Amino acid sequence: MKKLKIETELDVFESVSELSEDIQQLMDKAHEARKNAYAPYSHFQVGAAILLDSGEVVTGNNQENAAFPSGLCAERVAAFHAGATYPNAKFTAMALTAGSLKQETKVPIPPCGACRQSLAEYEVKQEAPIPIYFMGASGKVVKAQSVKDLLPLIFDHSYL
Ligand code: THU
């Protein structure tokens with residue numbers, strides 16, 4: 001038996017002001033998208049913005065449903081919209097912001113496991129890492145260089 005060690009290194013920024021101009025703009029779009037989230041059940045709003053290699057930005061937010069599992073996370077709304085509308089585009093970067101309507105969310109909120117798996121699909125497809133920046137409604141921003149840093153041992157097409 002031998003051990004497999006998995007290490008992840010993430011960058012932590014004290015605030016958005018430490019980010020490059022283009023990523024700040026992308027995060028602004030994610031904040032805008034968050035405000036339009038449909039979250040009457042959880043009161044937890046998430047916004048996502050994807051910068052494509054064309055320069056286009058595609059956004060999404062969480063869409064809830066009275067039949068709970070029928071809703072969808074912001075990340076997948078954005079990624080599926082981008083995949084459906086621009087099937088040949090590459091994702092250059094993704095910005096995420098999340099906040100509760102009941103309390104101030106100051107800690108960085110990472111994407112859920114199912115969204116990580118969905119995003120991994122696009123990373124594998126484009127054969128290039130997707131840097132992901134995530135934050136709360138305010139405060140620190142965390143950057144993962146790649147979806148693989150958030151989801152090691154991804155399940156991909158090579159197993160099928
Ligand atoms: N949510 C997202 O949009 N993205 C995530 O990665 C985690 C959770 C949404 C789903 C639901 O509408 C609300 O946040 C509470 O879970």
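**View 1. V141 in strand β6 of the predicted model.** This close-up of a predicted model is centred on V141, which counts as buried because its relative accessibility is 0%, and buried here means under 20%. V141 has its place in strand β6, which covers residues 141–144. A second residue, E64, can be used as a reference point: V141 and E64 are 77 residues apart in sequence, and their C-alpha atoms are 25 Å apart in space. E64 also belongs to the residues around the ligand, which are the topic of the next view.

**View 2. The residues around the ligand.** The shell around the ligand consists of S42, F44, V46, N62, E64, C73, A74, E75, P111 and C112. When these residues are sorted by chemical character, six are nonpolar, two are polar and two are charged. Two elements of secondary structure, strand β2 (44–52) and helix α2 (74–85), each supply at least two residues of this shell. The space that the ligand takes up is the largest pocket.

**View 3. Polar contacts of the ligand with N62, A74 and C112.** Which part of N62 faces an oxygen atom of the ligand at 2.9 Å? It is the side chain of N62, through an N or O atom. With A74, by contrast, the partner is a polar atom of the backbone, and the distance from a ligand oxygen atom is 2.9 Å. A polar backbone atom is also the partner at C112, where it lies 2.8 Å from an oxygen atom of the ligand. Taken alone, the ligand exposes 370 Å², and the protein buries 75% of that area.

**View 4. Q126 in helix α3 and its two backbone partners.** Q126 is found in helix α3, and with a relative accessibility of 8% it counts as buried, because the limit for that word is under 20%. The side chain of Q126 has a polar atom that lies 2.6 Å from the backbone nitrogen of F91. The side chain of Q126 also reaches the backbone oxygen of A128, in this case at 3.1 Å.

**View 5. E127 in the loop that follows helix α3.** E127 is found in the loop between α3 (113–126) and β5 (132–135). Is E127 buried or exposed? E127 is exposed, because its relative accessible area is 74% and exposed means over 50%. The backbone of E127 deserves attention as well, since its phi is near 55°, a positive value in a residue other than glycine.

**View 6. H43 in the loop before strand β2.** H43 lies in the loop between α1 (21–35) and β2. Although H43 is not a glycine, it has a positive phi of about 55°. H43 has a relative accessible area of 29% and is therefore partly exposed, a term that covers values between the limit for buried, under 20%, and the limit for exposed, over 50%.

**View 7. L150 in helix α4, shown with R116.** L150 lies in helix α4, which is made up of residues 147–150. The relative accessible area of L150 is 10%, so this residue is buried. How many residues along the chain separate L150 from R116? The two are 34 residues apart along the chain, while their C-alpha atoms are separated by 7.0 Å.

Notes: Residues numbered from 1 in each chain as written. Predicted model: local features only at pLDDT ≥ 70, side-chain atom pairs only at ≥ 80, totals over all residues. Heavy atoms only, no water. Near = heavy atom within 4 Å. Polar contact = N/O pair within 3.5 Å; in protein donor to acceptor, adjacent residues only side chain to side chain. Areas by Shrake-Rupley, 256 points an atom, 1.4 Å probe, with all protein chains shown as cover. 1 Å grid on protein atoms, 1.4 Å probe; cavity = no way out; pocket = protein on both sides within 12 Å on 5 of 7 lines; lining within 4 Å. Sits in = over half its atoms within 2 Å of the grid points. Helix = DSSP H or I, 4+ residues; strand = E, 2+ residues; numbered from the N terminus. Nonpolar A, V, L, I, M, F, W, Y, C, P; charged D, E, K, R; others polar. Buried < 20%, exposed > 50% of the residue type's maximum accessible area, 1.4 Å probe, protein only.
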